[in-house]
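Here is a short report on a protein model. It covers pockets, ligand surroundings and a sheet.

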Amino acid sequence: MEMFCRQCEQTAKGEGCTIKGVCGKTAEAAVLQDLLIYNLKGIAVYTKLARELGIKSKEADLVIIKGLFTTVTNVNFDSKRLEQIIRNSFRVKEKVKKLFLDAYRDKNGSDFSGNFPQPTEWAPADSLEGLIEQGEKAGIKAGSHLEQDIRSLREILLYGLKGMAAYADHAYILGEEDEEVFSFFSIGLASLIDENLGSNDLIDLIMEFGQVNLRCLEILDKAHTNHFGQPVPMRVFSGIKKGPAIIVSGHDLYDLEQLLEQTKGSGINIYTHGEMLPSHSYPWLKKYDHLVGHFGTAWQNQQKEFDSVPAAILMTTNCIQQPRPSYTDRIFTTGLVAWPGLQHIAVNKEDNRKDFSKIIAKAKELEGFGEDTCGKEILTGFAHQAVLSLADKIVDAVKTKAVRRFFLIGGCDGSKPGRNYYTEFAKSVPEDCIILTLACGKFRFNNLDFGYIGDFPRLLDCGQCNDAYSAIKIALSLAKAFNCGVNDLPLSLILSWYEQKAVCILLTLLSLGVKNIYLGPSLPAFISKGVLGVLVEKFNIKPISTAKKDLEAILNHRGFIPRSLLRKSYLG
Ligand code: SF4
Ligand code: SF3
C-alpha cells in the first residue's frame with residue numbers, strides 16, 4: 001500500500017514516510033488520515049460559502065477542528081476510529097452542503113450554479129478497504145503536478161491549521177471560541193484546493209494565519225487561566241510516593257481536573273508526565289493534595305518510562321507511542337487519542353464530562369508503588385502574568401547589566417539524534433543570561449541547576465507548547481517596556497520542532513515579524529528550496545549548527561542592550 005507523509009520532523013530519511021510511519025502510523029491509518037483531510041477540504045468550501053451568506057454550522061466547524069487535530073502526529077493510529085470519523089465527516093458535509101444550497105436559493109431565488117472543487121462531491125466507499133483505496137489517491141502526492149513552492153506553501157498552511165486545531169479544541173472544551181479562528185479553518189482549508197492562488201497569495205494567507213493563530217493562543221490562555229487560575233511558580237516533586245498511582249500524559253488540563261476530582265479520597269496518587277508538568281502551577285489544580293508530583297520526562301521516553309511502573313496511565317492528547325506489551329493493559333486513551341486495542345475513555349456528549357472509573361479501578365488493582373523515593377524538584381509556572389509582574393525588575397536588571405541577554409530555548413522534544421544541541425546550548429548560556437523555555441523540549445535541560453541572577457531563577461519555564469502565548473506576550477511586553485521592536489530586544493530564539501503545533505507557533509512568530517530564529521534539529525522536509533529562500537531572505541531564519549558556534553554568533557553579533565534603551569537611559 002502507498003502512503004506518503006512528511007508532516008513531522010522524524011520523517012523517514014528526512015524526506016517522507018512511505019511504508020510505515022517512523023511514529024508507528026500504519027500505511028492504512030496514514031491514507032485514511034489523508035482521506036479525512038480531503039473531505040474536510042470539501043466541508044470547508046461549504047462552510048466558507050455559507051458564512052458569506054451569514055450562516056454558520058457549529059457542528060461542521062467542530063468536525064473540521066477535531067478532524068484536523070486527529071491527524072496531528074502521534075494522536076490517532078486506529079483505522080477503525082478513523083473510519084468512523086471519516087463517515088461522520090461525510091454526513092456533516094452533506095448537511096452543510098444542504099444548508100448552503102438552501103440559503104443560496106432563499107437569497108437569490110435560483111440555484112447556485114458555480115463549480116465546486118472535487119472534495120465537495122466526494123462520497124465514501126462502503127467498506128474500509130474501499131476507503132483505503134480512496135485514501136491512496138487523496139494524499140499530498142495527488143498534488144505532484146503542482147509547482148514545488150505551491151505544494152510546499154499549501155503543506156505549511158495545512159500543518160499550521162492542524163496545530164491551531166489542537167489549540168482551538170482545547171479552548172473550546174473549556175468554553176472559549178472565537179469566530180475569527182473558526183472561520184479561518186474554512187478559509188485556510190478551502191484555499192488548499194483553490195487552483196487560482198499563486199505563491200504570493202499563499203504567503204499572504206500564511207501570514208494572516210499566523211495572526212489568527214495568535215488569537216487562538218490567546219483564547220486558549222484565557223480558557224486555561226479563567227478555568228484554572230493564573231499559574232504561579234512552583235517547585236514540583238519528581239520522586240515517588242508510596243501507593244496506587246495514575247500517570248497523566250498529553251496536554252489536557254480539563255481531563256486532569258476531572259480525574260483529580262474523581263480520585264479525591266481514593267488513596268490514588270496522581271502524577272503528571274511530559275507536557276502535563278505545568279499543571280502543578282495552576283491554583284485550581286494544585287489545590288488537590290493527591291496531585292503529588294511529576295513522573296518521567298518527554299514523550300519519546302515513554303516506552304522506557306512506562307515499562308515497569310505499577311501504575312495506570314492516561315494519554316490525553318499527543319504524543320502517544322506504540323505501547324509495549326508490558327503496559328498495554330494499563331494504558332488508557334481519551335479524547336482524540338487512539339491506538340488499536342487500547343481501552344478508551346470517551347466523553348459523555350450530554351454533559352461533556354468523562355467517567356474515569358475504569359482507569360481508577362485499574363490503578364487500585366495494580367496497588368502502585370511500594371515505597372517513597374526522592375527526586376529533584378523541577379521549577380515551572382513562569383507564565384506571562386508571573387513573569388510580567390516582575391517586568392520593572394527585569395528592565396532594571398538589563399539596564400544595570402545584571403542580565404545581559406534572554407534566550408528562549410523551547411519547542412518539541414523528539415528521538416532523532418542531534419537534539420542534545422539544546423542541552424549543550426542551555427548549558428553554555430553565559431551566567432548573566434536568562435533562559436526562557438516552554439514545551440517538552442525543556443526536558444533536555446530542566447533537571448539541571450541553572451542558579452539565580454539576584455531574585456530571578458536563570459531558567460524560567462513558561463509552560464506547555466499550548467502556552468506559547470505566554471512566551472510571545474512576555475517578549476512583546478518587554479519590547480514595549482524597552483520601547484523597542486521585538487527584534488531589538490536582547491532576546492534570541494532557539495527553537496526545536498517536531499510536530500504541527502510547532503509549525504503554527506513558528507508561523508505566528510513570523511507573522512509578528514520576528515527575525516533571526518535558530519530552528520532545528522533539522523529543517524522540515526515540506527519546505528521547498530524556493531520557500532526556504534523566502535524565509536531566509538525575509539526573516540533570516542537559520543538552521544542550527546553547533547551550540548558553540550551559534551552561541552558565539554549571537555553573543556558577538558548582537559548588541560547586548562537595545563539601541564533605544566541606550567538612547568533613553570544612557571545617552572539622555
Ligand atoms: Fe512519518 Fe511523521 Fe508522518 Fe508519522 S507523522 S508518518 S513519522 S512524517
Ligand atoms: Fe511535545 Fe508532543 Fe511538540 Fe507539546 S508532547 S510539544 S512534541
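By class, 12 nonpolar, 12 polar and nine charged residues line the largest pocket. Here Ala, Val, Leu, Ile, Met, Phe, Trp, Tyr, Cys and Pro count as nonpolar, Asp, Glu, Lys and Arg as charged, and the others, Gly among them, as polar. A pocket is an open set of points on a 1 Å grid over the protein atoms alone, where a 1.4 Å probe fits, with protein on both sides within 12 Å along at least five of seven lines; lining residues have an atom within 4 Å of a point.

This is a predicted model: local features need pLDDT of at least 70, side-chain atom pairs count only at pLDDT 80 or more, and totals for chains, interfaces and linings use all residues. Residues are numbered from 1 along each chain as its sequence is written, chains are lettered from A and ligands numbered from 1 in the order written, and side-chain values use heavy atoms, without hydrogens and water.

| Pocket | Nonpolar | Polar | Charged |
|---|---|---|---|
| Largest | 12 residues | 12 residues | nine residues |
| Second largest | 16 residues | eight residues | nine residues |

Helix α2 gives seven residues, the largest share of the largest pocket's lining. Helices are DSSP runs (H or I, at least four residues), as are strands (E, at least two), numbered from the N terminus.

Ligand 2 lies between domain 2 (234-366) and domain 3 (393-496 + 541-565), because both give residues to its shell. The domain bounds come from an automatic or database assignment. His-251, Trp-299 and Cys-412 are among the surrounding residues, each with a heavy atom within 4 Å.

Strands β11 (405-411) and β16 (491-496) run parallel, joined by six bridges. Leu-408 has Leu-493 as its bridge partner in β16.

Methods:
Two strands pair if DSSP finds at least two bridges between them.
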